[in-house]
Structures are given as C-alpha cells and as structure tokens.
Amino acid sequence: MLNVEMYQAVKAEVESANATLVAVTKRQPLEVIQALYDLGQRDFGENRVPELVEKHAALPKDIRWHFIGHLQRNKVKAIAPFIHLIHSGDSARLILEIAKEARKNDRTISVLLQFHIAQEASKYGLSPTQPAAILRELKLDELSGKVNLVGVMGMATYTELDEDIAEEFALLRETFETLKETTSLGEIAAFKEISMGMSGDYQIALQQGSTMVRVGSLLYQ
Ligand SMILES: *Cc1c(COP(=O)(O)O)cnc(C)c1O
C-alpha cells in the first residue's frame, strides 16, 4: 500500500536537491501507480519487460517510463515504442540493438551507461576502470538521432556501511566526470544525469551528486 506521507517527504527531499524522483513500482498494482499519478508523479521505474508493457498499456500516456533492470536484447523491441529512459545500457551490443529499434519506431531513445560500482559480483555493468572503452565500440555519430546517451547509472553494495556506499557513489560521479571531460560525450548537452540511490541509500546518493534516484519499497511502508 502507498504511504502518501512518505512519498511526499521523499519527493520534497529529492526535489530540494534538484534531482528527479523515479518511483519504482515493480510488483505494485495499477491502483498504486494511479494513486501516485494522481499525486502528480510522472516518472516511474520498472525492471521487467512484460510487466512494464502491461502497465504502459493500462495507464495514462503521459507517464515517463524508466527501464531500470538488466535488459535482454530480444526484449528491446517491446518497450522501444514508448520507453522514456533506459537506465541499464551495459553493453555496446545492447545499445546498438536499442538504436536499431529506435530507428524502426522513428524515435530517439535515451540511455544511461550502467557502471558496476558495487563489491557484489552479480551486478551488471561496465567497468569504471575503463569508462571510455565502450565508446570505441559505439560510434557516437552513428547513434545520433537514434540513441541519446544522457548519463550514467550505478548501484551501490547492499551494506550498512554508509562510508562504503558514499565511496561507490563518488566513484560513479568521477566516472561521469571523466567521460564528460575526456570523451566526445562532453559535447552532448544532454549528457548530465547520474542515476544513483534507492530506498536504503538515496540520501547518501544525493549528497554525492545524484540527479536521479530510483526509490521503491520505502514508498510502500
Ligand atoms: C528495485 C530497484 C530499485 C528500487 O529499490 P528499493 O530498494 O525498493 O527502493 C532501484 N533500482 C533498481 C535497478 C531496482 O531494481
């Protein structure tokens, strides 16, 4: 069930840091999303393609849908017609597939480069030690008009140690800055998003320069 007071408190906190709140609604029913929508929320995050497709079909069309989970290439087609931002651009092959589907749909799709900043081995993402490596496989002018790379995304280790989390978020911010200063991404005005922070660590993320937090479970407590 939606906790309206919690939602409003988190939203105010996020907005006072000039960041965007993406309300993560995975496994939440349509009524909860509609209730958030009625409170003015427009950015929603989902991590499974079939669930997202169903929700997109049933809900108001001015919702900005964010895809936040690992995306398989054969699933891009289903979300390409409507997706607002894909947070999980974690390989050149995936991004090229997104470009292909964007062209078919005659639209530009915004994508974040997902970096692996956590200690945990299981999480997807590009290596922050060689942040520009992917750009050697992706010709930015060939993506132009199809995929807009608009920033970076990362997830911190699931831990109680705030300093460790802060260090990982700082690494993501540095990775973003390195890309901006040393690659042609710096010439793209829209390359400005740092998607980091979830229910347990969004305040640390905001302190470390997050521009977009993805908060789910906290809103339903
Ligand atoms: C589920 C999820 C979130 C939200 O997590 P909460 O802890 O519920 O806030 C954020 N980002 C990603 C990638 C997720 O899968």
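Okay, so let's start at Gly 216: one of its polar backbone atoms is 2.8 Å from an oxygen atom of the ligand. Keep in mind that this is a predicted model. Right next to that topic comes Ser 217, where a backbone N or O atom also lies 2.8 Å from an oxygen atom of the ligand. Then there's Arg 214, and here the side chain does the work of making the contact: one of its N or O atoms is 2.9 Å from a nitrogen atom of the ligand.

And how much of the ligand does the protein cover? On its own the ligand has 380 Å² of accessible area, and the protein covers 85% of that.

So who else is around? The residues surrounding the ligand include Val 24, Lys 26, Asn 47 and Ile 68. You'll also find Met 153, Met 155 and Met 198 among them, plus Ser 199 and Val 215. If you sort the shell by class, you get 6 nonpolar, 4 polar and 2 charged residues. As for where the ligand is, it sits in the largest pocket.

Okay, zooming out to the whole chain. We've got 9 helices and 8 strands. The radius of gyration is 17 Å, close to the 17 Å that the globule rule gives for 221 residues, so the chain is as compact as a globular protein of that length. And if you want a box to picture, the C-alpha atoms fill one of roughly 45 × 45 × 30 Å, taken along the principal axes.

Notes
Residues are numbered from 1 along each chain as its sequence is written. This is a predicted model: local features need pLDDT of at least 70, side-chain atom pairs count only at pLDDT 80 or more; totals for chains, interfaces and linings use all residues. Side-chain values use heavy atoms; hydrogens and water are left out. A residue is near a molecule or strand if one of its heavy atoms lies within 4 Å of it. A polar contact is a pair of N or O atoms within 3.5 Å; within protein, one must be able to donate a hydrogen and the other to accept it, and residues adjacent in sequence count only if both atoms are side-chain atoms. Accessible areas come from the Shrake-Rupley method with a 1.4 Å probe; for residues, only the protein chains shown count as cover. On a 1 Å grid over the protein atoms alone, a cavity is a set of points where a 1.4 Å probe fits but cannot get out, and a pocket is an open set with protein on both sides within 12 Å along at least five of seven lines; lining residues have an atom within 4 Å of a point. A molecule sits in a cavity or pocket if more than half of its atoms lie within 2 Å of its grid points. Ala, Val, Leu, Ile, Met, Phe, Trp, Tyr, Cys and Pro count as nonpolar, Asp, Glu, Lys and Arg as charged, and the others, Gly among them, as polar. Helices (H or I, at least four residues) and strands (E, at least two) are DSSP runs, numbered from the N terminus. The radius of gyration is taken over C-alpha atoms; the globule rule is 2.2 Å times the number of residues to the power 0.38.
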